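Please look over the chain and its fold. The report below takes up a few sites in turn.

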Amino acid sequence: MTAPSIFVAIPAYRDSELVPTVLDLFAKARRPDLIRVGICWQRAAGDDLGPLRDDPRVAVIETDHRSSRGVGWARAETLRLYGGEDHYLQTDSHQRFAPHWDETLLDQLARAPGDKPLLSSWCPGYSPDRPPAPADPLRMRFDAFDPTGMPFFDAEPITDWRERAGPVPTGLVCGHLMFAAATFITEVPNDPHIYFYGEEITTAVRAFTWGWDVSAPARTVMWHLWGGQGRVRHWDDHNDPAAGRTWYDHELKSRRRVRNLLLHPAPGRYGVGPHRTVAQFEAYTGIRFAENRFEQPAPCAP
């Protein structure tokens with residue numbers, strides 16, 4: 001039987017960590033020959049892809065960073081590079097990888113519950129100047145609602161991961177680690193209208209209503225660069241108060257879109273699916289959108 005292939009989708013905004021991330025991804029993979037990377041490269045003058053430029057496993061959409069519309073748009077652009085691979089990995093341009101991360105993800109996916117499993121969680125942090133330190137795998141959990149009604153999340157260690165063969169059901173997704181069969185991107189494509197916050201909760205809800213069951217891998221497969229760490233972010237460039245335009249104007253418009261999906265769900269390309277309801281998602285996760293409230297859910301199957 002032919003080993004499965006993986007399409008890795010990476011948006012990169014003026015990120016000096018992009019090249020080290022992709023080189024580490026290939027170097028740590030069990031089967032780098034079966035991995036293809038698609039990058040939406042939002043570059044500035046002088047930025048260079050270096051050794052990635054001529055790598056046949058890497059496909060790139062190049063765009064001037066000044067025309068970028070935010071993370072949702074960039075993630076949606078990466079899907080234009082999908083070439084029929086068996087599996088889909090969504091991640092970021094500032095990551096480090098565990099040895100044989102691809103083999104581990106495939107194994108965890110095979111052990112995950114549900115007919116349509118999706119692996120996702122936060123990753124522990126790393127520093128660019130040193131190898132990532134060993135860390136327990138993490139699972140996401142609800143943290144709080146902000147004043148605009150946006151749910152925020154944090155993570156906790158899976159302390160018993162050594163006794164677990166398979167992943168831990170959570171229902172929650174993280175943008176820098178999502179792994180599933182590639183049919184996922186047909187049913188739950190990235191919403192290009194999400195600026196930044198809201199990507200994860202809308203993806204989680206849409207995935208759930210399409211029948212996908214989200215679990216956190218019980219193995220650490222990658223690390224994430226948390227915080228700025230000297231990197232230029234989208235909002236650093238897209239801010240012109242003198243002209244009456246700031247990045248937060250785009251963010252507030254995006255948040256209104258998120259709240260509309262959560263409170264008034266409707267089908268559509270970037271809407272909810274036909275298999276489960278948003279009310280069922282609320283019951284499963286305990287996140288009550290209309291009341292901006294969280295209650296510990298009773299253990300139950302999705």
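## A tyrosine in a loop

Is Y197 buried or partly exposed? This is a predicted model, and in it Y197 is partly exposed. Its relative accessible area is 35%. That value counts as partly exposed because buried means under 20% and exposed means over 50%.

Y197 sits in the loop between helix 4 (184–187) and helix 5 (199–209). Which residues does Y197 touch, leaving aside those up to four places away in sequence? They are M150, F152, E251, S254, R255 and V258. A112 is another matter: 85 residues separate Y197 and A112 along the chain, and their C-alpha atoms are 27 Å apart.

## Strand 4 and its partners

Strand 4 covers residues 87–90. In a regular strand, side chains alternate between the two faces of the sheet. Here both faces of strand 4 are covered. H87 and L89 lie on one side, and both are buried. Y88 and Q90 lie on the other side, and they are buried too.

Strand 4 pairs with strand 1 (residues 6–13) through 4 bridges, and these two strands run parallel. In this pairing, A9 has Q90 of strand 4 as its bridge partner. Strand 4 also pairs with strand 10 (residues 178–181), again by 4 bridges. Strands 4 and 10 run antiparallel. There, H87 stands opposite A181 of strand 10.

## Helix 1 and its cover

Helix 1 spans residues 18–28. Which of its residues are buried? They are L18, V19, T21, V22, D24, L25 and F26.

Several elements cover these buried residues. Among the strands are strand 1, strand 2 (35–43), strand 3 (58–64) and strand 5 (95–97). Helix 3 (101–111) is also part of the cover. Strand 1 thus appears twice in this report: it helps cover helix 1, and it is joined to strand 4.

## Cysteines without a bond

How many disulfides does the model hold? The count is 0. Why is C123 not bonded to C174? The closest cysteine sulfur to that of C123 is in C174, 6.3 Å away, so the two are too far apart for a bond. A disulfide needs the sulfur atoms within 2.5 Å. From the other side, C174 is in no disulfide either, and its nearest cysteine sulfur is that of C123.

Are these cysteines buried or exposed? C123 counts as buried, because its relative accessibility is 2%. C174 counts as buried as well, at 1%.

Terms used: Residues numbered from 1 in each chain as written. Predicted model: local features only at pLDDT ≥ 70, side-chain atom pairs only at ≥ 80, totals over all residues. Heavy atoms only, no water. Buried < 20%, exposed > 50% of the residue type's maximum accessible area, 1.4 Å probe, protein only. Pairing = 2+ DSSP bridges. Contact = heavy atoms within 4.5 Å.
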